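Thanks for coming. I will go through one structure this morning, piece by piece, and keep to what can be read from the coordinates.

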Amino acid sequence: MVPDISTGSRTYGLLNYLYGPGRRDEHTDPHLVASWMPGLAPDPGRDPDATLKQLTDRLDLPVRALPKNRRPARHVWHCPVRTAPGDRQLTDAEWAEVARRIVHATGIAEEGDAKACRWIAVRHADDHIHLVATLVREDGRRPRRHEDGIRAQAECRKIEAEFGLQILDGGDRTAAQRPTSAERSKAERSGRTETPRETLRESVRHALAGAASEEEFFCRLAEAGLRVEQRIAPSGDTLGYKVALPGDRNRDGEPIWFSGSKLAQDLSLPRIRQRLDAGLPDDDAHITDHTDERVPRPARARRQAAAVAERAVSTLDGDDDEDSAAQLVGVGELLDAIAQTSPALTRKELVEAARVFERATRSHIRAERADNRAIRSAARGIIRAGNSLGKGEDGGATAMLLSTMVLIAIAAVRWHSARGHAQQAAAAQRAAQHLRTAYRSASAVPMNLMREQGRRLPEHVRERYAGTLGTVLPQQADRIRREPGWDALAATLDQAERAGHDPDALLQQAIEWRELDTADSVTDVLVWRLRRIGKLPAPADESRARTKARTTQSRPQPSTPQVPATPVGTHRVDPRRGPRR
């Protein structure tokens, strides 16, 4: 059950909407289910002699009784209350009880208070009601409605339990402010899929991802096409900022501004400065994967980010809450960076993953002294490397990174759940689903190529790698060999051995990282870890390579001595070690 409180200034306008047909003729049988005093509120929905003006006048009477200079500018209190999808349909009598409990809990009209505010509850659909009240009591005073949204949420949790409805996740006051009903209505009229508040929040997050300084942050905001205004002190220091969408104006033609704190608590300038003041490592200080410089920059940045992200997974499994909270903030920036630079194939899912994971980056656990510079620097590297093409080395590196991001999201679910952060855990769970979908799209081509290569390996070579797997992972070996990715794992071990690695040692190193038990596919995780640790290039499309080779050979070539290549699955013998067993 979801309450959504807002305030306004036009009682008649709101009632006209509630009793009208709706924007898409969705309103059916609008009528009162409850009011401040039975019989005093006319019901234009059921009484043919009642009018909207009569109902407006009755509600506004305490407001009009005040001198004009004492009337509140926004005197209309509006609270839709909606059941969750899948809940049973409540009766009018049940909705009336819900209405009375909500106005009591919020301080609008406490039970037994004869001087409380006037209010009504209108029902025009099966799954929700609208509570409308005027914010002047019968005695001329204002109601005590401090934190009415939080109190309404708490009362809804009790009602859900008593009525046998779905019990939704309780909030902890760290969520970003939701768009108001008026903002959503305006977005619908304008043909927007989301409100300016939501668009701006995402744009500000993207500008902050991996930013090294305040100046760079503001420069990115301007480059994103936002209107930006800084609040400057007489000393010349910046005190705050606000942003607006071009063309988003109020009825007076003025831009509709949102300060950072109105978008989200952690987007206020002081909180942004806390993040930026920690600085970033030197440009190459966090790099552990010195991949061949011929690899495209986006691929190198993603490989380097995958290594940093693996360490974040381990941190979330540790006992340092502040460090874990800091890593989650960094993971949010990394997701924003990946979403901004992803190819069209995965962009939709990654944008949504970053959007929902944002909720998982905020809780009451503050990371005042923890260090997340490495993961923020990885986000910066991805932004600076530019857009990924999504194929070849870029495609393989993207799949590698997304495989790790799925594990991070799973670790975030566990971390938040263990600390009672219901909304954050649910957000991380939704992000994991989007990341899984993006990973499947990104990994389809490289994993298929590796499976083909693995199936072409000689049987004795495959059996030898199966023995290696049984030695390193004896309890999981049989299950791993039955997974669809076993052929790709065998091909990766073969490629690693041909590159000079010891497959046994490399596989042992790969399983020392945690999270294998929670992975959707152990083979997929091991494939990408092995490729990252072994610095193996993306799998080549050998059929395409052979076609290219035949084309090249058909042209006149200078005669050069030919060196026989080592066939796939065949290995030169080191005389000091003898043949592999």
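Start with the hairpin: strands E5 and E6 form one, with four residues between them. Bear in mind throughout that this is a predicted model. E5 covers residues 119-123 and E6 covers residues 128-134. The two strands pair in the antiparallel sense, over five bridges. One position to look at is Arg123, which stands opposite Ile129 in E6.

E5 has another partner as well. Strand E3, residues 31-35, pairs with E5 over four bridges, again in the antiparallel sense. Arg123 turns up here too, as the bridge partner of His31.

Is E5 buried or exposed? Five of its five residues are buried, so the strand is largely enclosed by the rest of the structure. Trp119, Ala121 and Arg123 point one way, Ile120 and Val122 point the other way, and every one of these residues is buried.

Now the whole chain. The protein chain has 581 residues, and 52% of them count as buried. It contains 21 helices and nine strands. If you take contacts between residues at least 6 apart in sequence, 72% of them join residues at least 24 apart. The exposed area is about 28500 Å², with carbon and sulfur atoms supplying 49% of it.

Next, the cores. In soluble globular proteins, nonpolar side chains tend to be buried together. In this model, the largest nonpolar core has 80 residues. Which residues have the most contacts inside it? They are Leu334, Phe357, Met405, Leu435, Leu489 and Leu526. Helix H14, residues 392-418, gives the largest share of this core, with 14 residues. Another core lies apart from it and has 41 residues, including Ile102, Val103, Val132 and Leu135.

Take Met405 as an example from the 80-residue core. Setting aside neighbours within four places in sequence, Met405 is in contact with Ala309, Val331, Leu334, Leu335, Ile338 and Leu435. Of these, Leu334 and Leu435 are also on the list of residues with the most contacts in that core.

On to helix H20, residues 522-533. Its 12 residues should span 16 Å at 1.5 Å a residue, and the end C-alpha atoms are 16 Å apart, so the two agree. How many of its residues are buried? The count is 12 of 12, so to speak of H20 as mostly covered is fair, given that buried means under 20% relative accessible area. The buried set includes charged names as well as nonpolar ones on the list: Asp524, Arg529, Arg531 and Arg532 are in it, along with Val522, Val525 and Leu526.

What do the buried residues of H20 pack against? The partners are helix H10 (297-316), H14, helix H15 (422-455), helix H17 (477-482), helix H18 (486-498) and helix H19 (503-511). After H20 comes Lys535, with a positive phi near 55 degrees.

Helix H6, residues 196-208, can be put through the same checks. At 1.5 Å a residue its 13 residues should span 18 Å, and its end C-alpha atoms are 18 Å apart, which agrees. Of the 13 residues, 12 are buried, so H6 is largely enclosed by the rest of the structure. Among the buried ones are Pro196, Arg197, Glu202, His206 and Leu208. Just after H6, Gly210 takes a positive phi, about 75 degrees.

Last, a pair of residues that touch. Leu328 lies in helix H11, residues 321-341, and is buried, with a relative accessible area of 2%. Where does Thr361 lie? Thr361 is in the loop between helix H12 (344-357) and helix H13 (373-385). At 14% relative accessibility, Thr361 counts as buried, because the cut-off is 20%.

Leaving out residues up to four places away in sequence, Leu328 touches Leu316, Phe357, Ala360, Thr361, Ala412, Trp415 and His416. Leu328 and Ala360 are 32 residues apart in sequence, while their C-alpha atoms are 7.4 Å apart in space. From the other side, with neighbours within four places again left aside, Thr361 is in contact with Asp266, Leu328, Val329 and Gly332. The side chain of Thr361 also reaches the backbone oxygen of Glu358, at 2.6 Å.

That is the tour; questions are welcome.

How values were computed: Residues are numbered from 1 along each chain as its sequence is written. This is a predicted model: local features need pLDDT of at least 70, side-chain atom pairs count only at pLDDT 80 or more; totals for chains, interfaces and linings use all residues. Side-chain values use heavy atoms; hydrogens and water are left out. Buried means under 20% relative accessible area, exposed over 50%, partly exposed in between (1.4 Å probe, protein chains only). Two strands pair if DSSP finds at least two bridges between them. A nonpolar core is a set of buried Ala, Val, Leu, Ile, Met, Phe, Trp, Tyr and Cys residues joined through side-chain atoms within 4.5 Å. Contact means heavy atoms within 4.5 Å. Accessible areas come from the Shrake-Rupley method with a 1.4 Å probe; for residues, only the protein chains shown count as cover. The expected span of a helix is 1.5 Å times one less than its number of residues. A polar contact is a pair of N or O atoms within 3.5 Å; within protein, one must be able to donate a hydrogen and the other to accept it, and residues adjacent in sequence count only if both atoms are side-chain atoms.
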